Amino acid sequence: MTAVRLRADAYAATFRPDAGMLGTSLRWRGDEYIARPEPLIRNRRGAMTALALMHPWANRLGGRRYRAAGRTVSLAGLDLATDDVGLPLHGNLGAARFTVESAEATRVVASRLHERGDERFPAFPFPHRLTVEARLDAHRGLTVRTTVEPTGSRPVPVAFGWHPYLRLPESGRARWRLDLPRCQRLGLDHRNLPTGERTPVQIGRAHV
């Protein structure tokens, strides 16, 4: 197992380049703020835990075929993570290995080349380089920057996302309060796919 550990004053963080650049720990003054609702081994099959990168698509697709950047891609016969009704979910990055480009006390940069020869290429046949930079700052905490760069002449659609699970140490959930700005509620159909409906909503302070 390969882990990269960062530290900046009272902050400490751990990332796993050998497991999809999964963020497995974020500590401040010794307290852990990353939750692990699923064992790390299950992240390989699309189960989200800790601080996980979902690529090339976040959330779910509408079926085993999609159209993007001017081409139609079939996912028939591919082994992908799916939701309860069989829709492809959370991309196909799983625990793919990243190459560490640079590592310092407060910063790590790692990348993965996604092109022909990669076992994941049939599900997302758009050659590109995926780069993740994680940086700790003594005042700002953790910043994660993700870059998708085409490596060929074809355009590359972008639909990745991060799925963070956080915990507040030494505080019961019943005591948590969440302040939200003005938001929009997105309508979903019976498969949890967006319908395009948007409704303005003002939540303000909410119990978590």
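Aromatic pairs in this predicted model come to a count of 3 by the ring-centre rule. A pair of aromatic rings is described by the distance of the centres and the angle of the planes. An aromatic ring also takes part in a contact with a charge, for the charged end of R71 sits over the ring of F126, at 5.8 Å from the ring centre.

The strands β8, β9, β10 and β11 form an open sheet of 4 strands, which follow one another in the order β8-β9-β10-β11 with antiparallel pairing. At its edges lie β8 (99-103) and β11 (141-150), each of which pairs on one side only, and from one strand to the next the twist averages 15°. Within this sheet, β9 and β10 pair in the antiparallel sense over 8 bridges, and one named bridge links V109 to its partner E133 in β10.

The residue ranges of the two edge strands and of the β9 and β10 pair are set out below.

| Strand | Residues |
|---|---|
| β8 | 99-103 |
| β9 | 107-114 |
| β10 | 128-137 |
| β11 | 141-150 |

A separate site is centred on S25, which has its place in strand β3, spanning residues 22-28. Because its relative accessibility is 12%, and buried means under 20%, S25 counts as buried. The side chain of S25 is joined to that of E32 by a polar contact of 2.6 Å. When neighbours within four places in sequence are left aside, E32 appears again among the contacts of S25, together with A12, A13, T14 and I34.

Terms used: Residues are numbered from 1 along each chain as its sequence is written. This is a predicted model: local features need pLDDT of at least 70, side-chain atom pairs count only at pLDDT 80 or more; totals for chains, interfaces and linings use all residues. Side-chain values use heavy atoms; hydrogens and water are left out. Two strands pair if DSSP finds at least two bridges between them. Helices (H or I, at least four residues) and strands (E, at least two) are DSSP runs, numbered from the N terminus. Axes are lines fitted to C-alpha atoms, for helices over the stretch in contact, and angles run from 0 to 180 degrees between N-to-C directions. Rings of Phe, Tyr and Trp (its six-membered ring) pair if their centres lie within 6.5 Å; planes under 30 degrees apart count as stacked, over 60 as edge-to-face and the rest as tilted. A charge sits over a ring if NZ of Lys or CZ of Arg is within 6 Å of the ring centre and within 35 degrees of the ring normal. Buried means under 20% relative accessible area, exposed over 50%, partly exposed in between (1.4 Å probe, protein chains only). A polar contact is a pair of N or O atoms within 3.5 Å; within protein, one must be able to donate a hydrogen and the other to accept it, and residues adjacent in sequence count only if both atoms are side-chain atoms. Contact means heavy atoms within 4.5 Å.
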